[in-house]
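User: I'm new to this structure and would love a friendly close look at one part of it. Could you take your time and walk me through what you find?

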Amino acid sequence: MEHSEKLGLRARYGGYALVTGAARGIGRAFASQLAEDGFDLLLVDREGEETIALAEELSAAHQIDVRSLICNLAEPGLENKARKWLDEFEIGLLVNNAGVSVLDSFFDISLDAHLRTLDLNCRATLVLTHIVGKAMAARGRGGIVIVSSASGLSGSPYVCNYAATKGYGLNLACGLWSELRGSGVDVIAVCPGMTDTKPVRDQSLGKELPFYVPINGPDVVALGALCALGKRPALIPTVADRMSAGLLSKIFPRGWTLSIMKRSIEKMRGG
Ligand SMILES: NC(=O)c1ccc[n+]([C@@H]2O[C@H](COP(=O)([O-])OP(=O)(O)OC[C@H]3O[C@@H](n4cnc5c(N)ncnc54)[C@H](OP(=O)(O)O)[C@@H]3O)[C@@H](O)[C@H]2O)c1
């Protein structure tokens with residue numbers, strides 16, 4: 001089988017790459033980049049048709065084995081599913097990408113919706129990282145990516161719980177990066193700013209962006225994270241986002257940052 005191995009990650013980690021939320025957006029970009037690198041793929045998503053269509057497309061284009069694992073990662077029983085996947089496949093790279101955000105005032109979002117966000121963004125990430133990561137550590141090789149968010153660096157109004165879950169992912173990745181350094185298992189958190197995907201388009205957030213909020217393509221985020229894996233614990237994928245995050249999370253006092261974010265989000269929402 002001919003593999004392009006552009007990134008060299010398949011050669012480094014071996015096995016299948018498991019990508020959550022693979023049908024769309026940033027997850028789809030990860031799956032495409034990893035297919036180009038020659039990985040066999042496990043595409044996990046709740047979108048059946050789109051996932052199966054993507055699996056067929058990538059398998060045909062790259063002569064790789066691509067399996068669609070259709071499930072809702074926020075539902076109970078993920079531990080058993082993850083153990084079953086691990087029994088069946090050697091997983092060399094795990095991309096914890098699936099995540100949801102609800103944009104509204106904290107108390108206008110139901111507690112149920114907040115809990116579903118927590119179940120996907122934190123619980124599913126913890127379960128997969130623990131179960132799949134432990135097998136990687138035993139083998140002495142593997143890679144783990146956690147898709148966090150720039151909002152996780154500072155907290156954010158109108159996505160208070162979402163930003164808190166993204167802080168969880170960032171800190172989980174950073175702690176693990178340090179603990180596993182030298183073990184052969186690489187870990188990275190990627191903290192994208194605004195990225196051009198369906199949730200952003202559905203909420204019309206791309207339309208009224210202030211000049212200091214750049215919008216990136218999903219490929220930039222995925223490729224940036226994969227290139228930086230093994231080199232640093234966390235990455236903000238673009239220079240513009242790094243500058244904006246540097247100002248907002250390192251230079252300005254947190255109160256200023258949150259006021260700026262509040263005004264920006266209200267402007268984007270037309271409020
Ligand atoms: N887009 C941004 O501006 C941005 C910025 C920073 C961080 N991020 C993070 O990047 C990640 C990907 O975001 P995205 O914008 O690419 O999202 P997206 O376009 O909505 O893609 C996410 C995929 O995950 C699936 N999914 C959602 N909940 C699931 C669940 N419970 N079980 C299984 N699959 C599920 C979605 O299915 P449905 O379509 O049915 O929901 C969708 O196919 C998320 O963690 C997000 O927080 C995004």
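Which of the 27 residues around the ligand come nearest?

Analyst: Happy to help! First, a word on what you are looking at: this is a predicted model, where local features need pLDDT of at least 70 and side-chain atom pairs count only at pLDDT 80 or more, while totals for chains, interfaces and linings use all residues. Residues are numbered from 1 along each chain as its sequence is written.

Now to the ligand. Of the 27 residues around it, Gly-21, Gly-25, Gly-99, Ser-149 and Thr-197 come nearest; a residue is near a molecule if its C-beta atom, placed from the backbone, lies within 6 Å of it. The shell divides into 12 nonpolar, 10 polar and five charged residues. Here Ala, Val, Leu, Ile, Met, Phe, Trp, Tyr, Cys and Pro count as nonpolar, Asp, Glu, Lys and Arg as charged, and the others, Gly among them, as polar. Helix H2 (25–36) and helix H7 (198–202) each supply at least two residues of this shell. Helices (H or I, at least four residues) and strands (E, at least two) are DSSP runs, numbered from the N terminus.

Stepping back, the chain has 10 helices and seven strands. Of its 271 residues, 42% count as buried, meaning that 20 or more other C-beta atoms lie within 10 Å of the residue's own; 12 or fewer make it exposed, and anything in between partly exposed, with C-beta atoms placed from the backbone. The C-alpha atoms fill a box of roughly 55 × 35 × 30 Å along the principal axes.

Another element to look at is helix H5 (residues 111–139). H5 has 29 residues and reaches 40 Å from its first C-alpha to its last, close to the 42 Å expected at 1.5 Å a residue; that expected span is 1.5 Å times one less than the number of residues. H5 bends by about 35° at Asp-119, the bend being the angle between axes fitted to the seven residues ending there and the seven starting there. Buried residues of H5 include Leu-120, Ala-124, Leu-128 and Val-132. The partners that the buried residues of H5 pack against include strand S1 (16–20), helix H4 (78–88) and helix H6 (160–180). After H5 comes Gly-140, whose phi is positive, near 80°.

Finally, Ala-11 lies in helix H1 (residues 9–13). Ala-11 counts as exposed because it has 12 C-beta neighbours inside 10 Å. Ala-11 and Gly-38 are 27 residues apart in sequence and 8.8 Å apart in space, C-alpha to C-alpha.

Key
Contact = placed C-beta atoms within 7 Å.
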